[in-house]
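Q: Please take a close look at the sheet in this model. How are its strands ordered and paired, and what can be said of selected residues elsewhere in the chain?

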Amino acid sequence: MNTFPTNESKETLFALVSPEEELPQPSSPPKKTAWKICGSNYPLSIAFIVVNEFCERFSYYGMKAVLTLYFLYFLHWSEDTSTSVYHAFSSLCYFTPLLGAVMADSWLGKFRTILYLSLVYVLGHVIKSLGAVPIIGGHLMHTVLSMVGLFLIALGTGGIKPCVAAFGGDQFEEEHVKERSRFFSVFYLAINAGSLISMFVTPMLRGDVQCFGGDCYALAFGVPGMLMVLALVVFALGSKMYKKPPPEGNIVAKVSKCIWFAISNRLKNRPSEIPKREHWLDWAEEKYPKQLILEVKALTRVLFLYIPLPMFWALLDQQGSRWTLQATRMNGNMVLNPLLVLIFIPMFDLGIYPLVKMCGINLTSIRKMATGMILVSLAFAIAATVEIKINELSPHQPGGKEVYLRILNLADDEVKVSLMDYHNNSLFLDPIKPFQKTTDHSKMLLTTESQHFHFQLQYHNMSVTSEHILEEKNRYSLVIRADQSGVSSILVKDMVTSTANGMAAVRFINTLDKDVNLTLSRDVSLSVREDYGISGYKTLERGKYHHVQCRTEDKDFSLDLGLLDFGAAYVVAITNSSDQGLQAWKTEDISPNQMSIAWQLPQYILVTAGEVMFSVTGLEFSYAQAPLSMKSVLQAAWLLTVAVGNIIVLIVAQTSALVQWAEFILFSCLLLIVCLVFSIMGYYYIPVKPEDAYNLEDKCLHIKENARNLVTKKTKL
């Protein structure tokens, strides 16, 4: 029977205070007088940290705002490649925090980790900006510089992310819990202020400024790089004011070894005769100090509580993907979330939370986070309702054995169209007038997936028959043109749905006898062949296009396309009339988006309120509940839940066969279930209080003072 020998039990009785293994020194640095803000309990040092965070977030989000466009129009990658690299970079930025946290807590300390990785961050911006200068190398050089720059940026931004928030919390005395909690609100405010401003500024730098003969991507990346330099300078200026807790050694290795020893020791001593211990980590007492075991207990309790949290981020981060795609199918454009965060944080801190407290409700951190989950779940239920309404107003798509057909008469007189071999010969009853605008397509039923049809065109006193093939699930336009023999027809496929990005789509029919070159915007130009050449669709930003520059081999002219609206698709015929000259005749293939984007406002209000209650509270909770030696590590674990949430979205998007509104409902229900589980877990969670840490340190100091006497007693035994 595997039991402890008698001499072993005597030996382990005082193992904690043996002369060979001395107790660790308390990790708290010596206290020094800190400068305060206007006589308050807020250290002046946090001002440098908040400004640093604002500049860093401006730098990060400003660079990301033009990153996809850079991939598409500078590196000339496909949309799939650009999207994949963009999301790979974003995911890497949420995995590198673990590396930064280990460096801070185990080796360099938070201050030096932030300082050194900020230098790496700046270097990444410099290399990324050089990769956007056309005169430096070729396409391969630009690609290599871009990838190296992005890797260094991901290492820098991810590495400092858990350290900055924890370092800001370190500046407060433990008795100033209220002030520290408000600091995390201001910290989150700085994050969203930096991201909001940068998302407006950097796209303007790219599009409105010309350099090297095109869009100035070098400047659009360079300005965020300069903001990161400013962030580094501001952070370094506060050096003498900071409290700088020293690193605790390789804390990750200590924790891992402690957990492994506790598990292995328990497995070795399973007989029923051995007394049970209160906690499974207590089986590490034979080898590790009590203080380390208590800290590991606190860490594992919080990490266990984090298990359900990725589902919240899985919903929240869909604002930048699913909700953005929903907005592209609506009429309008707006940036809501960062703006609402700037409004809601002071509203909650100064208004709602005090009001709830006055009503006698104890809104703990766990309850705030659970309430945030419920609000986000409701937001997705509303998003599902909006999605259903959008589907009702969207153009109908032809199904199996169905096609939609319309007639565009570009001849100089009306034409009567008949289908000779179709059961519904009265499909087009009235003659089609020249340049008659219509957005309505007539629905036709096929007998097979692809079917031949004979169209009879009656023009003046002649009749012309032409044959065309129609395939199911498509929309077509039959273009009638005048020629020397009378009239003829051209069958072209139309767009089936609105553009995926909410932009306007336009194509051209050139009725002239010369090729026409058109410049629609700085990035979009095309050429249309002579004699009824038909171009492909080009997508453009929504706007008024009154002076589109055109050129033939012997003449320059401009066309007035008017307003190209959200989600609409147009066909424009370039014509030449004797009395009006060269002009554009425009008609709609697909009508503009019908539903106003204002319908998204309720879901954004709810999701932002949920984000403020969950994310800001979670930041403060992660700091407050972390042991002194593991502040950065627990912040990194908090950020890791964001990365796992994005992976959940990716898995559901790739495997789910549900329509979008049903997927929204699925996510809403899943978060409600997770909220229930989290609430039950939170009910049994015992939060760590600041005085507990003090009591622990005092006990350890007291034990150490009496260590000599204990050793003497052990010798007597």
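A: **The four-stranded sheet**

In this predicted model, four strands make up an open sheet with mixed pairing, arranged in the order S5-S3-S8-S9. The edge positions are taken by strand S5 (442-445) and strand S9 (486-494); each has a single partner strand, so one side of each is left without a neighbour in the sheet. On average, and with direction ignored, neighbouring strands of this sheet are turned by 30 degrees against each other.

The pairing at the S5 edge can be followed to the residue level. Strand S3 (residues 402-409) is joined to S5 by four bridges, and these two strands run antiparallel. Within this pair, Glu402 stands opposite Leu445 in S5. As a general matter, strands of a sheet pair through backbone hydrogen bonds, either parallel or antiparallel.

Beyond the sheet, the cysteines deserve a remark. With a cut-off of 2.5 Å between cysteine sulfur atoms, the count of disulfides is zero. Two cysteines may be described by their accessibility: Cys163 has a relative accessible area of 0% and is therefore buried, and Cys675, at 5%, is likewise buried.

A last position to consider is Leu628, which lies in the loop between helix H16 (601-625) and helix H17 (631-655). Leu628 has a relative accessibility of 32% and so counts as partly exposed. Along the chain, Leu628 and Asp170 are 458 residues apart, yet a distance of 9.3 Å separates their C-alpha atoms.

Conventions:
Residues numbered from 1 in each chain as written. Predicted model: local features only at pLDDT ≥ 70, side-chain atom pairs only at ≥ 80, totals over all residues. Heavy atoms only, no water. Pairing = 2+ DSSP bridges. Axes fitted to C-alpha atoms, helices over the stretch in contact; angles between N-to-C directions. Buried < 20%, exposed > 50% of the residue type's maximum accessible area, 1.4 Å probe, protein only.
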